[in-house]
Amino acid sequence: MAKLYFKYGAMGSSKTAQALITKYNYEENDMKVWLIKPSADTRDGASIIRSRIGLAAECEIATPGVNIYDRYREGFDGSCHAVIVDECQFLTPEQIDQLRGIVDDFNVPVMCFGLRTDFRTRLFPGSLRLMELADCIEEIKTMCDCGAKATVNARISDGYIVTEGAQVVLGGNDCYIAMCHRCYVRGIREHKKIKLHGQN
């Protein structure tokens, strides 16, 4: 039986690389993959998924209003062996329900890669729905600078942790750093200057 997978991790945990490697593994076995990402993710262009280590692939864009289930039924039923979604946290809860429907009605595995929580440690709506519906939930681990497991996506502005603002602000190493919760809280309490990766 096919399953709905939610593979989440903090920023920099190689989620996108793993999504693209999974796609490659299917295609190496002559299996067709439908690769999609939400339209909110425009960092690498409208229809490109790119990992920090340089892997990249063309994908289809899912705008908030698109019905993913209908799109699959009309364009891929019978010709697709897996659906892979990058940055799944930006999908609407309704779109997560539609992915669940693809698994249930077409017996096709759906693998969703993304963040669990935002910079305030709050669940994204898409991630919340995946936590409720996924058959398999797997954490992709990465490390805080202190060596502990990173679980928080800290947003940094002018060297300090930001705790207010819009839930979605696109960025990478230029404005986010993965931290353990202890370092995150300490950074806020002590108003510590945080050095982003890749900065001198």
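The following legends describe close-up views of a predicted model.

**Figure 1. Cysteine residues without a disulfide partner.** The predicted model contains zero disulfides under the criterion of cysteine sulfur atoms within 2.5 Å. Cys-136 takes part in no disulfide, and the nearest cysteine sulfur, belonging to Cys-112, is 12 Å away. With a relative accessibility of 25%, Cys-136 is classed as partly exposed. For Cys-146, the closest cysteine sulfur is that of Cys-144, at 3.8 Å, which is too far for a bond. Cys-146 is likewise partly exposed, its relative accessibility being 49%.

**Figure 2. The buried face of helix α2 and its N-terminal cap.** Helix α2 spans residues 68–75, and its buried residues are Ile-68, Tyr-69 and Tyr-72. These residues lie on the same side of α2, because they cover an arc of only 105 degrees around the axis. The buried residues of α2 pack against three strands, namely β2 (33–38), β5 (60–62) and β6 (82–86), and against helix α3 (93–106). At the N-terminal end of α2, Asn-67 acts as the cap. A side-chain oxygen of Asn-67 is placed 3.0 Å from the backbone nitrogen of Tyr-69.

**Figure 3. Packing of helices α3 and α4.** Two packed helices are described by the distance between their axes and by the angle between those axes. Here the axes of α3 and α4 (residues 125–133) come within 8 Å and cross at roughly 35 degrees. The crossing of α3 past α4 is right-handed. On the α3 side, the contact is made by Pro-93, Ile-96, Asp-97 and Arg-100. Helix α4 contributes Pro-125, Gly-126, Arg-129, Leu-130 and Leu-133.

**Figure 4. Surroundings of Gln-95.** Gln-95 is located in helix α3. This residue counts as buried, with a relative accessibility of 1%. When neighbours within four places in sequence are left aside, Gln-95 is in contact with Ala-62, Thr-63, Pro-64, Val-66 and Ile-68. One of these partners, Ile-68, is also among the buried residues of α2.

**Figure 5. Gly-159 and its contacts distant in sequence.** Gly-159 belongs to the loop between strands β9 (152–157) and β10 (160–162). The relative accessible area of Gly-159 is 12%, so this glycine is buried. Its C-alpha atom is separated by 5.1 Å from that of Ile-194, a residue 35 positions apart along the chain. Apart from neighbours within four places in sequence, the residues in contact with Gly-159 are Lys-192, Lys-193 and Ile-194.

Notes. Residues are numbered from 1 along each chain as its sequence is written. This is a predicted model: local features need pLDDT of at least 70, side-chain atom pairs count only at pLDDT 80 or more; totals for chains, interfaces and linings use all residues. Side-chain values use heavy atoms; hydrogens and water are left out. Buried means under 20% relative accessible area, exposed over 50%, partly exposed in between (1.4 Å probe, protein chains only). Helices (H or I, at least four residues) and strands (E, at least two) are DSSP runs, numbered from the N terminus. The arc is that of the directions from the helix axis to the C-beta atoms. Contact means heavy atoms within 4.5 Å. A polar contact is a pair of N or O atoms within 3.5 Å; within protein, one must be able to donate a hydrogen and the other to accept it, and residues adjacent in sequence count only if both atoms are side-chain atoms. Axes are lines fitted to C-alpha atoms, for helices over the stretch in contact, and angles run from 0 to 180 degrees between N-to-C directions. A crossing is left-handed if the near helix is turned anticlockwise from the far one by less than a right angle, and right-handed if clockwise.
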